[in-house]
Amino acid sequence: MSEEVKIPVLGITIGDINGVGPELIMKVFSDTRILKVCVPVIYSSGRIFAFYRKFLNHNGFNYHQIQKIEHAQEGKVNVLNTWDEDVEINPGQQTENGGKYALISLKAAVEDWKKGAFDALVTSPINKKNVADESFNYSGHTRYLTKEAGEKDSLMLMTCKDLKIGVATEHVAIHDIPSILTREVIKEKVNLMHKSLKR
């Protein structure tokens, strides 16, 4: 008798609430076939999706609001209410709220990730200019997640069916690459790529 296969639970951050994250999430999960292969849990607020459903005239997007990840249901888009307050949303604008709630979403998801509450973390885009504060002094998600995982180094990968690319320098200006991309860095990144592919 075969054991029933459990589909993976994905923790998904909302990213900048004024950015493309909410729209991307709505478009991806409007195709309900994806709900047969994963259980999405979006760290945000139902109010964000209520706003964007109206703003984008996308009434076909349905979601299930929960207060804890343990309440997530298969076959539904689960929105874990990570904050309760009403938030001003300004699509396409760089605002303090955009960064503040992107960080609240990310930190809540990372806490559950560290507890093993879900199988994989998906991060929506952030604006590095409005998310920077004392607790997030990073150029992007990768360095922050490396630190939270207690690792010395990490490797950002871009993958598709036939190609896997390991990014050696991450988020830096082209003119800074010669001072960053040393022989040692290349060696470390190649070793990380090799370990990752084997795993």
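**Exercise 1. The backbone at asparagine 57**

Determine which sign phi takes at asparagine 57, just after H2, and whether this residue is buried or exposed.

*Solution.* Step 1. Just after H2, asparagine 57 takes a positive phi of about 55°. Helices (H or I, at least four residues) and strands (E, at least two) are DSSP runs, numbered from the N terminus. The structure is a predicted model, in which local features need pLDDT of at least 70 and side-chain atom pairs count only at pLDDT 80 or more, while totals for chains, interfaces and linings use all residues. Residues are numbered from 1 along each chain as its sequence is written, and side-chain values use heavy atoms, with hydrogens and water left out.

Step 2. Compare this sign with the general rule. Most residues other than glycine have a negative phi. Asparagine 57 is a residue other than glycine, yet its phi is positive.

Step 3. Place the residue. Asparagine 57 lies in the loop between H2 and S3. Buried means under 20% relative accessible area, exposed over 50%, and partly exposed in between (1.4 Å probe, protein chains only). Asparagine 57 counts as exposed because its relative accessibility is 63%.

**Exercise 2. The buried side of helix H1**

Identify which residues of H1 are buried and what covers them.

*Solution.* Step 1. H1 spans residues 21-30, and its buried residues are Gly21, Pro22, Ile25, Met26 and Phe29.

Step 2. These residues cover an arc of only 130° around the axis, so they sit on the same side of H1. The arc is that of the directions from the helix axis to the C-beta atoms. An α-helix has 3.6 residues a turn, so residues three or four places apart point the same way.

Step 3. The cover over the buried residues of H1 includes strand S1 (9-13), strand S2 (39-44) and helix H2 (46-55). Here contact means heavy atoms within 4.5 Å.

**Exercise 3. Helix H2 and its crossing with H1**

Find which residues of H2 are buried, and state at what angle the axes of H1 and H2 cross.

*Solution.* Step 1. In H2, Gly46, Ile48, Phe49 and Tyr52 are buried. Their arc around the axis is only 150°, which puts them on the same side of H2.

Step 2. Among the elements that cover the buried residues of H2 are H1, S2, strand S3 (64-66) and S4.

Step 3. The axes of H1 and H2 come within 10 Å and cross at roughly 80°. Axes are lines fitted to C-alpha atoms, for helices over the stretch in contact, and angles run from 0 to 180 degrees between N-to-C directions. Angles under 35 degrees count as roughly parallel, over 145 as roughly antiparallel, 65 to 115 as roughly perpendicular and the rest as oblique. H1 and H2 are therefore roughly perpendicular to each other.

Step 4. H1 contributes Pro22, Ile25 and Met26 to the contact, and H2 contributes Ile48, Phe49, Tyr52 and Arg53. These residues divide into six nonpolar, no polar and one charged. Ala, Val, Leu, Ile, Met, Phe, Trp, Tyr, Cys and Pro count as nonpolar, Asp, Glu, Lys and Arg as charged, and the others, Gly among them, as polar.

**Exercise 4. Tyrosine 43 and asparagine 78**

Describe the surroundings of tyrosine 43 and of asparagine 78, and give the separation of their C-alpha atoms.

*Solution.* Step 1. Tyrosine 43 lies in strand S2 and counts as buried because its relative accessibility is 1%.

Step 2. Beyond its neighbours within four places in sequence, tyrosine 43 is in contact with residues including Thr13, Leu80, Ser105 and Phe118. A polar contact of 2.6 Å joins its side chain to that of aspartate 112. A polar contact is a pair of N or O atoms within 3.5 Å; within protein, one must be able to donate a hydrogen and the other to accept it, and residues adjacent in sequence count only if both atoms are side-chain atoms.

Step 3. Asparagine 78 is found in strand S4 (residues 78-81), and at 0% relative accessibility this residue counts as buried.

Step 4. A polar atom of the side chain of asparagine 78 lies 2.9 Å from the backbone nitrogen of glutamine 73. Leaving aside neighbours within four places in sequence, the contacts of asparagine 78 include Val41, His64 and Gln73.

Step 5. Tyrosine 43 and asparagine 78 are 35 residues apart along the chain, and their C-alpha atoms are separated by 8.8 Å.
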